[in-house]
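Colleague: Could you take me through one part of this model in detail? I'd like a close look at the place where two of the chains meet.

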Amino acid sequence: MSGNESKFSSELVAKVNELWKRYPHKKAALIPAMHLIQAERDGWFSDETVADTAALFGLPDMHVRGVVGFYDMFHSEPVGRHVVRLCKTLSCKLRGADGLIQHVNERYGVKNGETTQDGCFTFKHFECLGHCANAPMMLVDDEKHLDLTADKLDSVLGGLS
Amino acid sequence: MSDNGHVTLTIDGKEATVPAGINVIEAAKQVGIEVPHYCYHPRLSVVGNCRVCLCEIEGVGQLQIGCNTLVRDGMVVNTTNERVSRMREGVMEFLLINHPLDCTICDQAGECKLQDYAVDHGSGITRFEFDKGKKPKNISWGDRVVFDAERCILCTRCVRFLDEIAGTDEISIDHRGEKSQLVVRGDGKLTSPYQMNIIDLCPVGALTSRDFRFKSRVWFMKFTPTIDTSDARGCNVVAGTRDNRMLRMVPRYNPNVNDYWMSDHGRLHYAFVNDEDRIVMPTAGGKPAPYPVALSRAQAVLEGARDEGILCVASSYMTNEELFALKGVCDALGVEDRYFLLPMGEGDDLLIHPEKAPNARGCRLAGFRDAPDDWSSQEFGALLYVKPRELIELPAEVIERCKKKVVFSLTKHASDVNIPLTTWVEKDGTMVSAGDRVQCVRQGMVYEPTLLTERVVLDRLHTLLDPAFKGASTAVLAFQRMADEHPALDGLTWLSVGLLGAKLNKAEALA
Amino acid sequence: MIQETRAMLEFADDPKQIELATYRKNGGYDAFEKALKEMSPDDVTQEVLKSGLRGRGGAGFPTGRKWQFVPKGNDKPKYIAVNADESEPGTCKDRVIMEQDPHQMLEGTLLAAYAVGATTAYIYIRGEFQKSIRIVEDAIDEARAANLIGKNILGTDFSCDIWVHPGAGAYICGEETALLTSLEGNRGYPRIKPPFPAVEGLWRCPTVVNNVETMACVTQILRRGGDWFAGLGCEGSTGTRLFCLSGHLKRPGVYELECSTDFTLRDVIEQIGGGTLSGAPIQGVMPGGSSFPVLRADELDCGFDIESVAKAGSSLGSGAIMVFDDTVNVRDVVLNISEFYSHESCGQCTPCREGSDWVRRMLKKFQTDGPDEGDIATLMDVTDKMDGTTICALAVAIVWPVQSFLKKYPEAFAEKVTA
Ligand SMILES: Cc1cc2nc3c(=O)[nH]c(=O)nc-3n(C[C@H](O)[C@H](O)[C@H](O)COP(=O)(O)O)c2cc1C
Ligand code: SF4
Ligand code: FES
């Protein structure tokens, strides 16, 4: 598919073209490509984005929709400018994740899955994020913040724009 | 060791010799043992997700699913022992914890595998004390299929059918785990011309037919094996009737014709059967007339028109037996112009046939010619016309060029003699489907007890025209008589045609 | 005192180790070069067999044997999939290799590809590990530029490409067949076996799935010899292993240790982990991730190797040792574990999809109200029926911990007596 046919930026289409070369079947590049697409489309998959993705890959819409629904990192609803993922699994829980969740609920007024009123960030409880020896921890977009305390958390979230 | 592609194994103590390469469910079926299954279907890919077909294979530690276990020589399978029963009971309980148990209002009741297996394999008690998961009910997937997410057991048969057989890939699963739920593409409406097959495939009541919804409890219905007459494919079906009205059709397995499937068009092609406007008594000169009166009037009309010529137009919805009866009448009258009408439409690579009537081949077999695109402007003394269903009609000007008219029709038709037609679910008979396959239709109902079938009516007319003629007393005998006379049918019997049909024994060019 | 034995982590503290030049200076890719030029593919497999290496992903399957399952003389392409989905609760070691010594994993991957005749390898890294993804991609680029990856590597006729493939947040994709389904661009559903991936994996071609640490071990084995590896640790648990210590410990962290029957699991927790942070007594330990049975404080005196921990009734699993002291309520702990697995069930199998949520709801009730009479027997029976009745092992990863908590902490799950 050439750039002009696609509804995506030409940079994105070029990157997807590169991804396709890595696999014997284009479909395999779907999930890597969906990360790029989600980033270009404000962090979530609207019905339109699902359709555009399906068209780019020559797949049924339903396939893409099913993939969005399966993976926790893909969103089917709008999100804030940032996504905050706080680990709540055992090692983090043992080191105070519950308290941090409560702190976020109270201080920022957002529960699991909600977005702050100013649209700054969407807060998500996540299952084990693989940094158990530095618990508790969170990811803010792609950046990780380890050995969290409420103060540390505030300084990170406070610095978001 | 067994040979030529067969293996011998033991299932629940029974020895079975079965073809190599089949799975334990199919092997067990061959020796009369039913291994319960939901997700497995012989024509769909094996996904092994329902887990209800668990079996014990001697020498294998874990229980194995019968659907994904291929038979091996010397294999010892146990499908019912205590361990298997306990685990299967567990699977049944898991399936039911979030199931609404609304059987009293469910159309599937009576044909529900969840009900069946829960009785056979369940414990009968529930220990689940929490609120059942709430999911959407009564979702319209277009004008044919209705979806109930709470009843769905996520076997994915419907997903796989549309993907692998119909090729439209319209359903997917959204979310995962216990939140998993089926969703339909785009505006949520299915588009496949085969979508209603997923209603049959659904082992529970999650997918129901809008057409059939709440019409009847299945145990009050009568089921008759016959064929779909919407096109030349002749998909094998079971017609469901109650109180002499047709309620539904579902496909009947025939590996040589339609496998397990049929088109929606065929399935829904029966409204005319129940039409309240059908005529149930002949008319002569526009006035109701009992059959003997109407027939002697027809005799007079036709004999009086012999010199000016008679046009006979048959219908490709007629059975062979009717067509041969009509042929007899034509022979007795010396009719030369014998035609039949055949509606044409779109076809596809799966089952939908472009000939939109079931028996053009039978018409040709009985010596009727395809109706010309352009009728000549010839005038006739009389028309003997068996009117096809709504899709096609004899052009009005052709009818007008015939001075007198004897017309068989479902609903009232202007004519000198009008005789009621019966539909294919009201009679026994045979048709020749695509691929020159002779198939039976069978009587499942009578629309009105007073109605006579066309074969009987035509035979009586024939006797009036030629007192030496004696018609066959039943369609079966009529078929036999036809088979004895016609080389293409030579050697076939009603029984050899049976439920699955038989090829014409010679390659006759009937297509 | 138990000491770390640093082989895989020997250079991990050097921030420059992620660069090809430093890695090569420290002996990197020498083993690969030697294998290419002086060893047959089968020699490589034999060296790995000799080492006694068992997979580090959790199941502990002998790596050399797995490679031998790949059919020979089959004209289908063959693939390697490196499992970097690292999502088992408590496990955080593969990330250390990827972020601090990525070439070590790549070298092992190339060796595995050479051994089984694979021409493409994918590193399936969980999508949340953006830093790992960046570092491994850079490492691949550098190695490709140096002709260590790609066509006719180092002038030989061996060619192999390696690509990073990011996941998107689903624990189940660490299960090897789900990983393959996901890599092909689908919802990450595990597949029914047989066929096994070594015979029919990616695009129905033979595929070897190995964990990141397993690949790092392969590098060490070919660098220092199968005998060297077999001489470390103890029988059945050879070599060194990365252990992730987490929870209520003074010194949580990732440590490279040899297994041994000479010291105990308790010794490791105390000497390496420093005992509990608060000084409160240990209440329980999950010694191999949360998928295996819990060990009570009085069950920690088993040897520190795969077999001894198995005898004690649990497993070293993925090397994730999670310790909790008596300040936490075990009902909270087991509820948290069940929440994880019910969230991560892919939802295909009836017993796992329905059962995992049922178990979670019962444990939630136990946590808030306590069990009613008969509840414990019901929960034991329900979990029994999830055991061995599903496509993949996620369901038993709920069964084992839950049943063990109920059995081992009966006082915490005492039923309300109805009058
Ligand atoms: C539910 C489940 C999750 C798993 N997650 C992982 C994982 O995150 N990383 C991993 O390496 N292996 C994981 N495994 C094990 C893999 O299925 C597989 O055994 C392993 O990748 C093989 O590599 P190895 O032989 O090198 O250990 C998981 C298994 C199951 C059943
Ligand atoms: S056991 Fe659970 S996670 Fe594994 S395939 Fe079945 S439903 Fe999916
Ligand atoms: S029929 Fe075998 S698992 Fe469903």
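Modeller: Sure. The contact draws 36 residues from chain C and 35 residues from chain B. Keep in mind that this is a predicted model. Put together, chain C and chain B bury about 3,100 Å² between them, with carbon and sulfur atoms giving 52% of that. Three residues stand out on the chain C side: C:Trp358, C:Arg361 and C:Lys385 supply 23% of the area that chain C buries against chain B, more than any other three residues.

Now for the polar side of things. The rule finds six salt bridges across the interface of chain C and chain B. If you want one to zoom in on, try B:Arg176 with C:Glu344, where the closest N and O atoms are 2.8 Å apart. Counting polar contacts instead, you get 19 residue pairs across this interface, both partners at pLDDT 80 or more.

As for which elements of chain C are involved, α13 (330-344), α14 (350-368) and α15 (375-384) each give two or more residues to the side that touches chain B. The largest share, ten residues, comes from α14(C). Sorted by class, the chain C side has twelve nonpolar, eleven polar and 13 charged residues.

While you're looking at chain C, have a look at ligand 2 as well. It is surrounded by 13 residues, and the closest are C:Cys346, C:Gln348, C:Cys349, C:Cys352 and C:Cys392. The shell around ligand 2 is made up of nine nonpolar and four polar residues, with no charged ones.

Terms used
Residues are numbered from 1 along each chain as its sequence is written. Chains are lettered from A and ligands numbered from 1 in the order in which they are written. This is a predicted model: local features need pLDDT of at least 70, side-chain atom pairs count only at pLDDT 80 or more; totals for chains, interfaces and linings use all residues. Side-chain values use heavy atoms; hydrogens and water are left out. Contact means heavy atoms within 4.5 Å. Buried area is the accessible area (1.4 Å probe) that two parts lose on being put together, summed over both. A salt bridge is a side-chain nitrogen of Lys or Arg within 4 Å of a carboxyl oxygen of Asp or Glu. A polar contact is a pair of N or O atoms within 3.5 Å; within protein, one must be able to donate a hydrogen and the other to accept it, and residues adjacent in sequence count only if both atoms are side-chain atoms. Helices (H or I, at least four residues) and strands (E, at least two) are DSSP runs, numbered from the N terminus. Ala, Val, Leu, Ile, Met, Phe, Trp, Tyr, Cys and Pro count as nonpolar, Asp, Glu, Lys and Arg as charged, and the others, Gly among them, as polar. A residue is near a molecule or strand if one of its heavy atoms lies within 4 Å of it.
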